[in-house]
Amino acid sequence: MTAAATSDDVAALEELQYRFGEGPALDAMRSREPVRADRAAAYDRWPAYAASSEPVGVHSYLSVPLPGPEQPAALNLYGLLPHAFHRMDESVL
């Protein structure tokens, strides 16, 4: 379930992850580690999700797991530019 989204396009990206069972947020929740990828890496890691997210113009992904004993959750950021996120971004969140 997506608790909040900044736009309808972002909400649709979240729903795609649930439908395909793959994507940066799901990986972050499963591994409990930040997940950062650019479009090329996204195609390698989540081919169905990456292909479906391309029309929205996403080039970069950063998902950070949120702490909590209950339901796993992640904060998901999408970049419209290639290489929008860096290793330091993972530690700031």
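**View 1. A three-stranded open sheet in a predicted model.** In this predicted model, three strands line up as β1-β2-β3 in an open sheet, and the pairing is antiparallel. β1 and β3 sit at the edges, each pairing on one side only. From one strand to the next, the twist averages 10°. Look at the β1 end of the sheet: four bridges join β1 to β2 (residues 60-66), and the two run antiparallel. Within β2, Y61 is the residue that stands opposite A37. As background, strands of a sheet pair through backbone hydrogen bonds, either parallel or antiparallel.

**View 2. Helix α2 lying on the sheet.** α2 packs on the sheet and touches β1, β2 and β3, with its direction making about 30° with that of β2. Its buried residues are P24, A25, L26, A28 and M29. Besides the strands β1, β2 and β3, these buried residues pack against the helices α1 and α4. Once α2 ends, R32 follows, with a positive phi near 60°.

**View 3. The largest nonpolar core.** Seventeen residues make up this core, and L13, W46, Y49, Y61 and Y78 have the most contacts inside it. Two or more residues come from each of α1 (8-20), α2 (24-31), β1 (35-38), α4 (47-53) and β3 (73-79). The top contributor is α2, which gives four residues. That fits a general habit: in soluble globular proteins, nonpolar side chains tend to be buried together.

**View 4. Y61 and its neighbours.** Leaving aside residues up to four places away in sequence, Y61 touches a good list of partners, including P24, V35, A37, A42 and F85. W46, Y49 and Y78 are on that list too, as are R36, A50, S53 and L77. Is Y61 buried or exposed? Its relative accessibility is 1%, so Y61 counts as buried.

**View 5. Aromatic rings in a cluster.** Three aromatic pairs turn up in a search of the whole structure. In one of them, the ring centres of Y49 and Y61 are 5.9 Å apart and the planes are at 55°, so this pair is tilted. The pair links distant parts of the chain, with Y49 in helix α4 and Y61 in strand β2, twelve residues apart. Both Y49 and Y61 are buried. Y61 also pairs with Y78, this time edge-to-face, at 6.0 Å centre to centre and 80° between the planes. Here, too, distant parts of the chain are linked: Y61 is in strand β2 and Y78 in strand β3, 17 residues apart. Y78 has a relative accessibility of 18%, and because the cut-off for buried is under 20%, Y78 counts as buried. Together with W46, the residues Y49, Y61 and Y78 form one aromatic cluster.

**View 6. Two loop residues with positive phi.** Most residues other than glycine have a negative phi. Where does R32 sit? R32 is in the loop between α2 and β1, and its phi is near 60°. At 37% relative accessible area, R32 is partly exposed. H83 is another residue with a positive phi, near 55°, and its place is the loop between β3 and α5 (87-92). H83 counts as exposed, with a relative accessibility of 54%.

**View 7. Confidence along the chain.** The protein has a mean pLDDT of 88, and 95% of its residues reach 70 or more. Among the elements, β1 has the highest mean pLDDT (95), while α5 has the lowest (78). A word of caution: where pLDDT is low, the predicted coordinates should not be read in detail.

Terms used: Residues are numbered from 1 along each chain as its sequence is written. Side-chain values use heavy atoms; hydrogens and water are left out. A nonpolar core is a set of buried Ala, Val, Leu, Ile, Met, Phe, Trp, Tyr and Cys residues joined through side-chain atoms within 4.5 Å. Buried means under 20% relative accessible area, exposed over 50%, partly exposed in between (1.4 Å probe, protein chains only). Contact means heavy atoms within 4.5 Å. Two strands pair if DSSP finds at least two bridges between them. Axes are lines fitted to C-alpha atoms, for helices over the stretch in contact, and angles run from 0 to 180 degrees between N-to-C directions. pLDDT is the predictor's confidence in each residue, from 0 to 100. Rings of Phe, Tyr and Trp (its six-membered ring) pair if their centres lie within 6.5 Å; planes under 30 degrees apart count as stacked, over 60 as edge-to-face and the rest as tilted.
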